[in-house]
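New to this one? Here's a quick briefing to read with the model open beside you.

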Amino acid sequence: YLSQIVWGVLGLAIAVISRSAVVAVAIGAGYVLLVESMLKMANGVPSDWLLGSTLNAIASGGTASVSFSAALALGAAYVIVGLVLAGIVLTRRDVTD
């Protein structure tokens, strides 16, 4: 469930920043299906730090290349960065728009 919570919080952050839930879903799916897949196929690109790989390691209890504790720390970092950015955008946004 932890990996789903990270996905949900990041989706919330993208939705707050973009003001659209549809955009958040499209960005999340597009990133995992296109961007991350292309980066994994490229030679010499370390893919262990990518969001999908990190969340897979959290869901699996760790992998051979990423330990569970390292994946949790990286997942927490992704969540903190997303929430901080969403908070900054939300506090600076004009509510009358």
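What follows is a short tour, from the overall build down to single residues.

Keep in mind that this is a predicted model. The protein has four helices and zero strands, and along the sequence they run in the pattern α-α-α-α. There are 97 residues in the protein, and buried ones make up 24% of them.

**Overall build**

- Along its principal axes, the C-alpha trace spans about 50 × 25 × 20 Å.
- The accessible surface adds up to about 6200 Å², and carbon and sulfur atoms account for 71% of that.
- Take the contacts between residues at least 6 apart in sequence: 53% of these join residues that are at least 24 apart.

**The nonpolar core**

- The largest nonpolar core has 10 residues in all, and among them are Val 6, Val 9 and Leu 10.
- Further along the chain, the core also takes in Leu 51, Leu 55, Ala 57 and Ile 58, and then Val 66, Ala 71 and Val 79.
- Three helices each supply at least two residues of this core: α1, α3 (51–60) and α4.
- Which helix gives the most to the core? That's α3, with four residues.
- Val 79 is a good place to see the core being joined up: leaving aside residues up to four places away in sequence, Val 79 touches Val 6, Val 9 and Leu 10.

**The largest pocket**

- About how much space lies in the largest pocket? The figure is about 320 Å³.
- The pocket is lined by 16 residues, and the closest to its centre are Trp 7, Leu 10, Gly 11, Ile 14 and Leu 51.
- The elements that give two or more residues to the lining are α1 (2–18), α2 (21–41) and α4 (68–92).
- Of these, α1 gives the most, with six residues.
- Nonpolar residues fill most places in the lining: the split is 13 nonpolar, three polar and no charged.
- Leu 10 and Leu 51 turn up twice in this tour, since both belong to the largest nonpolar core and both are listed among the residues closest to the pocket's centre.

**A buried residue in α3**

- Thr 54 lies in helix α3.
- Is Thr 54 buried or exposed? Thr 54 counts as buried because its relative accessibility is 0%, and the cut-off for buried is under 20%.
- Not counting residues up to four places away in sequence, Thr 54 touches Asp 48, Trp 49, Ala 71, Leu 74, Gly 75 and Tyr 78.
- One of those partners, Ala 71, is also in the largest nonpolar core.

**Two residues on α4**

- Ile 80 lies in helix α4, and with a relative accessible area of 53% it is exposed.
- Ile 80 and Ile 17 are 63 residues apart along the chain, and their C-alpha atoms are separated by 14 Å.
- Leu 83 lies in helix α4 too, but Leu 83 is partly exposed, at a relative accessible area of 42%.
- Leaving out residues up to four places away in sequence, Leu 83 touches Val 9, Leu 12 and Ala 13.
- Leu 83 and Val 16 are 67 residues apart in sequence, yet 9.5 Å apart in space, C-alpha to C-alpha.

**Around α2 and its loops**

- Arg 19 is found in the loop between α1 and α2.
- What's odd about Arg 19? Its phi is positive, at about 60°, although Arg 19 is not a glycine.
- Arg 19 counts as partly exposed, at 45% relative accessibility.
- Val 23 sits in helix α2 and counts as partly exposed, at 33% relative accessibility.
- From Val 23 to Gly 11 is 12 residues in sequence and 9.4 Å in space, C-alpha to C-alpha.
- Gly 44 has its place in the loop between α2 and α3.
- Gly 44 is exposed, with a relative accessible area of 79%.
- Gly 44 and Gly 11 are 33 residues apart in sequence and 29 Å apart in space, C-alpha to C-alpha.

Technical notes: Residues numbered from 1 in each chain as written. Predicted model: local features only at pLDDT ≥ 70, side-chain atom pairs only at ≥ 80, totals over all residues. Heavy atoms only, no water. 1 Å grid on protein atoms, 1.4 Å probe; cavity = no way out; pocket = protein on both sides within 12 Å on 5 of 7 lines; lining within 4 Å. Points joined across faces, edges and corners; volume = space filled by probe spheres on them. Nonpolar A, V, L, I, M, F, W, Y, C, P; charged D, E, K, R; others polar. Buried < 20%, exposed > 50% of the residue type's maximum accessible area, 1.4 Å probe, protein only. Contact = heavy atoms within 4.5 Å. Areas by Shrake-Rupley, 256 points an atom, 1.4 Å probe, with all protein chains shown as cover. Core = buried A, V, L, I, M, F, W, Y, C linked by side-chain atoms within 4.5 Å.
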